[in-house]
Every structure is written in C-alpha cells, then in structure tokens.
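Okay, thanks for making time, everyone. I'll put the sequence and the structure up on the screen, and then we can walk through them together.

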Amino acid sequence: MHRHESRTMGMAQSTATPLVVLSHLRWDWVWQRPQHLVSRLARHRRVFYVEEPVGVPDLDSPRIASAPAGPVERVWLEVPGAGHVQYGDPRAAAYATLLAAWLDERAAAKDAWLYTPMALDLAEALQPRAVVYDVMDDLSSFADAPPGLQLLQRRLLAQADVVFTGGRSLHRGVLEHRPQGTYLFPSGVETAHYATSRERRVSHEQLVAGYVGVIDERMDLDLLDKLAAGLPDWELRMAGPVTKIDEASLPRRSNISYLGMQRYEDLPTVMAGFDVALMPFAINDATRSISPTKTLEYLAAGLPVVSTRVPDVVADFGEVVHLADTGTEFADACLEVVTHCRDSRDLKIAPIRQRHEWDTIAAEMAEIMRACIDPASSVARPEESA
C-alpha cells in the first residue's frame, strides 16, 4: 500500500502516529481480543475504532458519526434505512471516501489495524503508513459470511505489512498464503481481573456449571440439552448474547438459565457463581480454527474446565482442561472435576498463563509493528512456523 511517510521514522514519532482500527465487532459489544489489545495500544497513541455502518431511519444521506468510548474514539457510517449493515452493503458505498476525508482532518499520517478483510477497501482509501492484520477468526467459516470474503482475505494477507494470528490452527492456515511476516499470538488473559472471582465465591446448595461468551452456531445445543438432562440436580447458567441463531432453537429445561449479555466488569462475579466452567463447542467448520479466550479466563478464576475437543484447546490446554465429546461425557466430567484440587490445577496452569498476559501480548505486537515501520528502531519477535 502507498504510504504518506518514510519507514525510517523514529520510535517516538511512530508511537505518536494515530492508529485506525477497522473491525467487524462493535466496541461496546462482548469484550474480547480486539478490545483487550486496542485498549492497551491506546495507552501510547490515539486510536480511532472504526465499526460497521449503522442504518438510521429518516436519514437523507450517509454521514460519519463518532463518539468517545474510554480509551478510543468510535467511528461509524450512518446510512439511510434500518437494520444491520455490513461493510460490503451497497448503502455503504461512500464509506471509504467519507472516512478518509474525516480522518484526514484529524491525522495527517496514520497506521491501519484490521480485524476483517471486508474493511480492506476502507484501509486502502486511508493510504496508511503501515497495515497490520490481526486474524482472530476464520470469518469465512461463520454463518452468513459475506460473499467474496476468502478472496479479500488473500488480498489483505498479501498487502499487509504485518500479520498476527490468534491461535495455532489459524496460524497454520494463514502460513499457507503468507509464509513471511506472520506471527502467532494466541489470545490472552487479564489474570488480576479474573482472580477476584476466587474471593467472591460463596457456598451454595445447588452445583452450577456455567458458560460465558457468545451463543451462536459454534455452540453444540444438543450436547447442552443432554448435559442438562444428565445433571438434573445441577443448574446450567449460560451467560452471553444469542446471535446468528434462532433463540427458539435453544434447549429449554428447568435447570438451564440464559443470563444474556454481561459486562466485562461483571464477569468475575458471574464466574464466582460457577462450580465448573463449560466450553460446549460443536466440532464444525466454524470451530475448526478457534482458540477460545475464555479458557484462560476460566482457569484464572480458579474454575475446572470441561471442553469439547477443539483442536487448539487440545494442543494448548489438554493437560489442564477435561475433554469430553457428548452430553453424557460432559455430565460425568462435571461430577469428576468439581472434586479436583484447585491448587494442583493452578500449578499446572501457571507457566502457561504467564506467557499469555494481555499486557505482554500487546507490548510484543507493538514492538513488531515499530520494527516494520523502522527496522533500525527495534528487534522484532521471531516468526513462528507452526
């Protein structure tokens, strides 16, 4: 991509250059990888967090809207109409032109950080100094994936200056198309935040198995239903928004509770009510490359974890997470792990957790980005081949 500035800029100038993050996730939705990383990058530079367009009834023409949101400034396009609007929607055709003009008034130079290939046209219009692509999911495998997403992904992988990947399975897939300049950074944890769950735990008569996260096509609903049937004396608490699936498809039993969206600040309290943490993911195309952030969060909260055999969970946490395949096996596993020693589990997870603190991950990513812009300014982290 074309750059406004030379790559020989010093570190201080690089740090001061605004960062434009282009994401498919709303800043104020579920707090996950983009929010963890971007909030830390924003400690050292101004960040504009660009979101998908929003339909606004009775609006005459598209316009850029913005609002401060903690460490970042949220930016989005408002278009006439209503409903969900994706980057590739014809109603959003003016997004690139309007966004470029809006940002040019606020930043002469800028770097771009993408979470979706659907925003590639926007990134190109900004003429950024450097482009980073943080691959957090295989978005093309998700339900209702936009047409042409795979082609855009390959274009972005070819054009990006630096590529980060959020898990081992994702990394292997990306390396097939981008063997150089690609770095593996599995998702992390804010240990101090979740450790407070241990102090908040209170005794309760009925045992609780719980899940925290998005409830979508990656969830094995049949397994969940059979798990509830297999643990009639337990309560199953499902905390998180339901998206991309019909709520009528959710299993309904007297011992299953759906708690809805939860604030990041409240998650330790939610987990304090669990005795066992669940990851009942279906094994399908949508989960083939996921590396669930919640694994480390559950463990930091002091909880035993039962999961299906998601490849990255097996590879990274097979010795500390109990693996099961069916609802019956999940029920048996819950009865077993609830008796396990937490101190023993903490000893096993300590060396893993130390490598996955979000502060450490964000700092290493920023260093690699600086090295990309000015190779003489720092030494980048070695690339990983698998």
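Let's start at helix H7, residues 191-200, where the buried residues are Thr 191, His 193, Tyr 194 and Ser 197. What do those buried residues of H7 pack against? Three helices: H9, which covers 267-272, H10, which covers 294-300, and H13, which covers 342-354. And keep in mind as we go that this is a predicted model.

Now the helix I'd like you to look at next, H2, residues 33-41. How many of its nine residues are buried? Nine of the nine, so H2 is largely enclosed by the rest of the structure. Going along it, you have Arg 33, Pro 34, Gln 35, His 36, Leu 37, Val 38, Ser 39, Arg 40 and Leu 41, and each of those is on the buried list. Yes, that list includes two arginines, Arg 33 and Arg 40.

Let me zoom in on His 36, which sits in that helix, H2. His 36 counts as buried because its relative accessibility is 0%, and the cut-off for buried is under 20%. What does His 36 touch, if we skip residues up to four places away in sequence? The answer is Trp 31, Glu 190, Tyr 264, Glu 297 and Trp 358. For a sense of distance, take Asp 275: it is 239 residues from His 36 along the chain, and the two C-alpha atoms are separated by 26 Å.

Staying with H2 for a second, Arg 33 turns up again as a contact of Thr 165. Thr 165 is in strand S8, residues 162-165. Buried or exposed? Thr 165 is buried, because its relative accessibility is 0%. Leaving out residues up to four places away in sequence, Thr 165 has a long contact list: besides Arg 33, there are Asp 134, Val 135, His 171, Val 174, Thr 182, Tyr 183, Leu 184, Phe 185 and Pro 186.

Over to another strand, S6, residues 111-114, and to Ala 112 inside it. Ala 112 also comes out at 0% relative accessibility, so it counts as buried. Its contacts, again without neighbours within four places in sequence, are Leu 19, Val 20, Leu 22, Pro 128, Ala 130, Val 131 and Val 132. Ala 112 and Phe 48 are 64 residues apart in sequence, with 9.6 Å between their C-alpha atoms.

Okay, a couple of loops. Which residue between helix H4 (120-126) and strand S7 (131-135) should you click on? Try Gln 127. Its phi is near 50°, which is a positive value in a residue other than glycine. Gln 127 is partly exposed, with a relative accessible area of 34%. Lys 244 has a positive phi too, about 65°, and it isn't a glycine either. You'll find Lys 244 in the loop between strand S11 (235-239) and strand S12 (256-260). At 37% relative accessible area, Lys 244 is partly exposed.

Cysteines, since somebody always asks. How many disulfides does the structure hold? Zero. Cys 334, for example, is in no disulfide, and the nearest cysteine sulfur, on Cys 341, is 18 Å away. Cys 334 has 0% relative accessibility, so it counts as buried. Cys 372 is at 16%, and that counts as buried as well, because the cut-off is under 20%.

Let me zoom out to finish. The protein chain has 14 helices and 15 strands. Its C-alpha atoms fill a box of roughly 65 × 50 × 40 Å along the principal axes. With 386 residues, you'd expect a compact globule to have a radius of gyration near 21 Å, and the chain has 22 Å, which agrees. Of those 386 residues, 57% are buried. If you take contacts between residues at least 6 apart in sequence, 71% of them join residues at least 24 apart.

On the surface side, the accessible area comes to about 16200 Å², and carbon and sulfur atoms account for 51% of it. Charges: there are 39 positive and 53 negative side chains, and the centres of the two sets lie 3 Å apart.

That's what I had, so over to you.

Key:
Residues numbered from 1 in each chain as written. Predicted model: local features only at pLDDT ≥ 70, side-chain atom pairs only at ≥ 80, totals over all residues. Heavy atoms only, no water. Helix = DSSP H or I, 4+ residues; strand = E, 2+ residues; numbered from the N terminus. Rg over C-alpha atoms; globule rule 2.2 N^0.38 Å. Buried < 20%, exposed > 50% of the residue type's maximum accessible area, 1.4 Å probe, protein only. Contact = heavy atoms within 4.5 Å. Areas by Shrake-Rupley, 256 points an atom, 1.4 Å probe, with all protein chains shown as cover. Lys, Arg positive; Asp, Glu negative; His and termini not counted. Charge placed at Lys NZ, Arg CZ, Asp CG, Glu CD. Disulfide = S-S within 2.5 Å.
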